[in-house]
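Me: I have a protein model open and want to learn to read it. Can we go through it in short steps?

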Amino acid sequence: MQSSKNQHRFIDEVMLGWLPSGLHRVFRFGLAGAASTLVYFVLVNALVLVAGTSPVTASVISYLGSLFLSYALQSRFAFRVKSDSGSQMARFMLTSLCGLCMSFAIMILVNDVLKAPYIVGALAICVLIPTVNYLIFRIWVFRPDHDLIPAPESRNRSDLSDEL
């Protein structure tokens, strides 16, 4: 437990020392999301360009492939959840399923309806999904079940400094 606190302190003080503390979570989310997005992007391109998979199928497979890395990074690194709960994992999976549906719909719209190159859809997915996910993760997925919205008087200074 102490090692984890030391790692968090290192990240916050050394790596993020230049950034206002209220944006640390957003930055960690961005780093974790960038890693997951990179996995998605590499997989979708490999499946389309190397394996000859259709862009829509490649997008779905790639989204699912990046999902496991995303959960691990978002829960532990970005939102600093200390342990998993069934309800938290269910909320994450539901949010991710909605993201998968968005990804599927965007790729169909861009590739099949608009007849634009698949890369346009892949780039749109890389921007839209993380934005929506951050908001849902912050508000719903990684908030403790017993304390959905803490009363302002129960918050301490450290809660307020990492509000985002």
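Me: Which helix gives the most to the lining of the largest cavity?
Reply: This is a predicted model. H2, H3, H4 and H5 each supply at least two residues of that lining. With six residues, the helix that gives the most is H5.

Me: How much space lies in the largest cavity?
Reply: The count comes to one cavity of 30 Å³ or more. The space in the largest cavity is about 260 Å³.

Me: Which residues are closest to the centre of the largest cavity?
Reply: The lining has 18 residues. By class, 10 are nonpolar and eight are polar. The residues closest to the centre are Ser36, Thr37, Tyr63, Ile129 and Asn133.

Me: How many charged residues does the lining of the largest cavity have?
Reply: Sort the lining by class. Nonpolar residues take 10 places and polar residues eight. The number of charged residues is zero: there are no charged residues.

Me: Which helices do the buried residues of H5 pack against?
Reply: H5 covers residues 118-141. Its buried residues include Tyr118, Ile125, Ile129, Asn133 and Phe137. An α-helix has 3.6 residues a turn, so residues three or four places apart point the same way. The buried residues of H5 pack against H2, H3 and H4.

Me: How many helices and strands are there in the protein?
Reply: Start at the N terminus and follow the elements. They run α-α-α-α-α-α. The protein has six helices and zero strands.

Me: What share of the contacts between residues at least 6 apart joins residues at least 24 apart?
Reply: Take the contacts in the protein between residues at least 6 apart in sequence. Then pick out the ones that join residues at least 24 apart. Their share is 68%.

Me: Is Ser62 buried or exposed?
Reply: Ser62 is found in helix H3. Leaving out residues up to four places away in sequence, Ser62 touches Tyr40, Leu43, Val44 and Leu47. Buried means under 20% relative accessible area. Ser62 has 0% relative accessibility, so Ser62 is buried.

Me: What is the relative accessible area of Asp84?
Reply: Asp84 is found in the loop between H3 and H4. Setting aside neighbours within four places in sequence, Asp84 is in contact with Tyr71, Ser75, Arg76 and Met89. Asp84 is partly exposed, with a relative accessible area of 38%.

Me: What separates the C-alpha atoms of Asp84 and Phe142?
Reply: Along the chain, Asp84 and Phe142 are 58 residues apart. In space, the separation of their C-alpha atoms is 9.7 Å.

Me: What kind of pair do the rings of Phe29 and Phe79 make?
Reply: The count comes to 11 aromatic pairs. In the pair of Phe29 and Phe79, the ring centres are 6.2 Å apart and the planes are at 70 degrees. Planes over 60 degrees apart count as edge-to-face. The pair is therefore edge-to-face.

Me: How many residues apart in sequence are the parts that the pair of Phe29 and Phe79 ties together?
Reply: Phe29 lies in helix H2, and Phe79 in the loop between H3 and H4. Both Phe29 and Phe79 are buried. The pair ties together parts that are apart in sequence by 50 residues.

Me: Which residues do ring pairs link into a cluster with Phe29 and Phe79?
Reply: Follow the ring pairs from one residue to another. Besides Phe29 and Phe79, the cluster holds Tyr71, Phe92, Tyr134, Phe137 and Phe142.

Terms used. Residues numbered from 1 in each chain as written. Predicted model: local features only at pLDDT ≥ 70, side-chain atom pairs only at ≥ 80, totals over all residues. Heavy atoms only, no water. Buried < 20%, exposed > 50% of the residue type's maximum accessible area, 1.4 Å probe, protein only. Helix = DSSP H or I, 4+ residues; strand = E, 2+ residues; numbered from the N terminus. Contact = heavy atoms within 4.5 Å. 1 Å grid on protein atoms, 1.4 Å probe; cavity = no way out; pocket = protein on both sides within 12 Å on 5 of 7 lines; lining within 4 Å. Points joined across faces, edges and corners; volume = space filled by probe spheres on them. Nonpolar A, V, L, I, M, F, W, Y, C, P; charged D, E, K, R; others polar. Phe/Tyr/Trp six-rings, centres within 6.5 Å; stacked < 30°, edge-to-face > 60°.
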